[in-house]
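User: I'd like to go through this one label by label and hear the reasoning behind each. Can we start once it's on screen?

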Amino acid sequence: MTEIQQLLADREIILPEVITGHVGGTAVAIDPQANRHAVYFPGTGERIAFLQEDNITAVTNAVHCARNSFDNGDWSSAPTSSRQAVFRRAATLIREHAEELALMECLCAGLPASHLASRQIPRAADNLDFFADYIGVMAGETFEQLAGYQTSVTRQPAGVAALFAPWNAPLALASMQIASCLAFGNTCVLKPSEFTPVSVLKMVNLLEQAGLPPGTINVVNGSGTVTGAALASSPDINRIAFTGGSSTARHVMAAAANQLTPVHFELGGKSANIIFDDADFDRAVDGSLVNIFSNSGQICIAGSRILVQRSIAARFVAAFVERTQALKVGDPLDPATEVGPMAFKTHWQRVLDHIAKAKLEGATLLCGGEPLTKLGDGYFVAPTVFQVNSNRLSLCQEEVFGPVVSIQIFDEDEEAFSLANDSRFGLVGYCWTNSLARSQAFRQKVDAGTLWVNTPLARDLRAPFGGFKESGIGRDGPRQAAEFFTEEKATITAIDKVPIRKMGETTNTDAGK
Ligand code: TXE
């Protein structure tokens, strides 16, 4: 028995040898003819399971199931109070199973298990609770200004949604898609990343255990080019929500265009983290480390371009590099670990390629810059800091999505804002200052969907979240989700005997009215 098998056995967790999709409330049967992908533990490179790939026939079947389930109304016509109760029960179950979910997610994504159990898994439960609360208070609109008429505006669920979840924070992000979609009565077909299918399947089981009718969420598994492409181009999908890379989003959008399916995209970022000379220095150092090394750098909101004002630059660089070198990198199952491996081997190679290119392009390596092979066969990268003189380097323009950061020195405030905006992305921005005027200028001048002042990564679920430019289309958020996942309907009722033109009557006294 391997260490991982022992770990799972100790906790009575059953990981099937072949992971299949989940359609109509049950696991899809194993098909010996279907393609299989291996799923690995990024901490050691050990294979933990196989994933059975759903082809176009299997995807069509899942979409039909979601459609039938939508049409039968068990969920789409359920009273709001029932949907709230299911979400709340599921949130409780997720909290109760946090350790197990964290372990499952750690084994596929390689994220530190302790961080998953304390932060990301509870966040999945919070997302469900939040949407349960929201649907309990949302209301339609009524207009009475038009004399003799009352116009009411109501919403109904859009239908069947295709949800594409990424691998970098599987449960935290998939739960947001699921909660935003199901809260309003839709059904869905969810495609987790082929690298991280396990915890998401467990969460779907918990939702069904909480009372979600079978067929409301259906899960298909497989690669993007087979399973993902089949789902994105399905003619029977009413909405597509995708979280992933910008280049994949282009394929998804092209597929959606054939059916004119509305899309919601949460994509990448290359966000600036501006440290002004009047900042609280220690908090700026602490926050900047969290901004780039959380989730082992595999996070769309990473503050991957640090811009620091000249008078404090030398001190900041020294403090930041010292702390970076002290980060605990290693086994994601070890509670002490702060930075885990990259989620899968090709991504690990991609991050190393970015590092090699940065060196070639003349960025100055301050620390890291290499794979950590001394940690074994896991996909580890040493936390890496480069100093740069130009924002035009690939390192400052491409999303590395790993523990790699650039530091650039600026003189004037305006220079920092223009460097921040010199990017095809516009997801988030950070600034550290004690000046109200500077923080206001930052808010006005930086083009990004979320801006943080003197704090890393705090998120209020009531506020919209999403990106400018290539960072996305649309916003997460309660009102924004209602707009995307429902169809709005205006009903105009005559509340008086308002005159109606009498067409076709011989004594038509209303003619011409
Ligand atoms: O994700 P992909 P990748 C960024 C990050 C990363 C880059 C590429 O910079 O390095 O994207 O990551 C499915 N039709 N982010 O390539 O491919 C795929 O199976 C339909 C940012 O690993 O975008 C998976 O389920 N679907 C980010 C999902 O798309 C397709 C999170 C996302 O995978 C498909 C992840 C196709 N043709 C990566 N091809 C964030 N915003 O947080 C792939 N997929």
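User: What does the side chain of Asn186 reach, and what makes that a polar contact?

Analyst: One thing up front: this is a predicted model. The side chain of Asn186 comes to 2.9 Å from the backbone nitrogen of Gly159. The cut-off for a polar contact is 3.5 Å between N or O atoms, so a pair at 2.9 Å qualifies. Asn186 itself sits in the loop between helix 6 and strand 9 (187-191).

User: Is Asn186 buried or exposed, and how do you know?

Analyst: Its relative accessibility is 1%. Buried means under 20%, so Asn186 is buried.

User: And Thr455, why is that called partly exposed?

Analyst: Thr455 has 23% relative accessibility. The partly exposed class runs between 20% and 50%, so Thr455 belongs there. You'll find Thr455 in the loop between strand 20 (450-453) and strand 21 (468-469). Its C-alpha is 23 Å from that of Pro478, a residue 23 positions away along the chain.

User: What makes the phi of Leu260 worth a remark?

Analyst: The sign. Most residues other than glycine have a negative phi. Leu260 is not a glycine, yet its phi is positive, about 55°. The residue is in the loop between helix 9 (246-259) and strand 12. With a relative accessible area of 75%, Leu260 is over the 50% mark and therefore exposed.

User: Which value does the phi of Ser296 take, and is Ser296 buried or exposed?

Analyst: Ser296 also isn't a glycine, and its phi is positive, near 55°. It lies in the loop between helix 10 (281-293) and strand 14 (305-309). Its relative accessibility is 0%, which is under 20%, so Ser296 counts as buried.

User: On to the cysteines. How do you know how many disulfides there are?

Analyst: The count is 0 disulfides. Take Cys65: the nearest cysteine sulfur belongs to Cys188 and is 11 Å away. A disulfide needs two cysteine sulfurs within 2.5 Å, so Cys65 is in none. For Cys108, the nearest cysteine sulfur is that of Cys106, at 9.1 Å. Set against the 2.5 Å limit, that rules out a disulfide for Cys108 too.

User: Why are Cys65 and Cys108 called buried?

Analyst: Cys65 has a relative accessible area of 18%, and the limit is under 20%, so Cys65 counts as buried. Cys108 is at 2%, so the label buried holds there as well.

User: Now the ligand. How do you know that Glu194 makes a polar contact with the ligand?

Analyst: A polar side-chain atom of Glu194 is 2.7 Å from a ligand oxygen. That is within 3.5 Å, so it is a polar contact. Glu194 is also among the closest of the 27 residues around the ligand, along with Trp167, Gly245, Leu267 and Glu399.

User: What about the backbone of Ala165 and Gly224?

Analyst: A polar backbone atom of Gly224 is 3.4 Å from an oxygen of the ligand, which is within the 3.5 Å limit. For Ala165 the distance from a polar backbone atom to a ligand oxygen is 3.5 Å, the cut-off value itself.

User: How many cavities are there, and what lines the largest cavity?

Analyst: The search of the whole structure gives 3 cavities of 30 Å³ or more. The largest cavity holds about 130 Å³ of space. Its lining has 14 residues, and those nearest the centre are Met176, Gln177, Ser180, His264 and Asp476. Helix 6 (170-182), strand 11 (239-243), strand 12 (263-266) and helix 16 (478-485) each give two or more residues to that lining. Helix 6 gives the most, with 4. By residue class, the lining has 6 nonpolar, 5 polar and 3 charged residues.

User: And what lines the second largest cavity?

Analyst: That cavity holds about 80 Å³. It is lined by 16 residues, with Ser271, Ala272, Arg305, Ala420 and Val428 closest to its centre. Strand 18 (425-426) and strand 19 (428-432) each supply at least two residues, and strand 19 gives the most, with 3. The lining splits into 9 nonpolar, 4 polar and 3 charged residues.

Terms used
Residues are numbered from 1 along each chain as its sequence is written. This is a predicted model: local features need pLDDT of at least 70, side-chain atom pairs count only at pLDDT 80 or more; totals for chains, interfaces and linings use all residues. Side-chain values use heavy atoms; hydrogens and water are left out. Buried means under 20% relative accessible area, exposed over 50%, partly exposed in between (1.4 Å probe, protein chains only). On a 1 Å grid over the protein atoms alone, a cavity is a set of points where a 1.4 Å probe fits but cannot get out, and a pocket is an open set with protein on both sides within 12 Å along at least five of seven lines; lining residues have an atom within 4 Å of a point. Grid points are joined across faces, edges and corners, and a volume is the space filled by probe spheres set on the points. Ala, Val, Leu, Ile, Met, Phe, Trp, Tyr, Cys and Pro count as nonpolar, Asp, Glu, Lys and Arg as charged, and the others, Gly among them, as polar. A residue is near a molecule or strand if one of its heavy atoms lies within 4 Å of it. A polar contact is a pair of N or O atoms within 3.5 Å; within protein, one must be able to donate a hydrogen and the other to accept it, and residues adjacent in sequence count only if both atoms are side-chain atoms.
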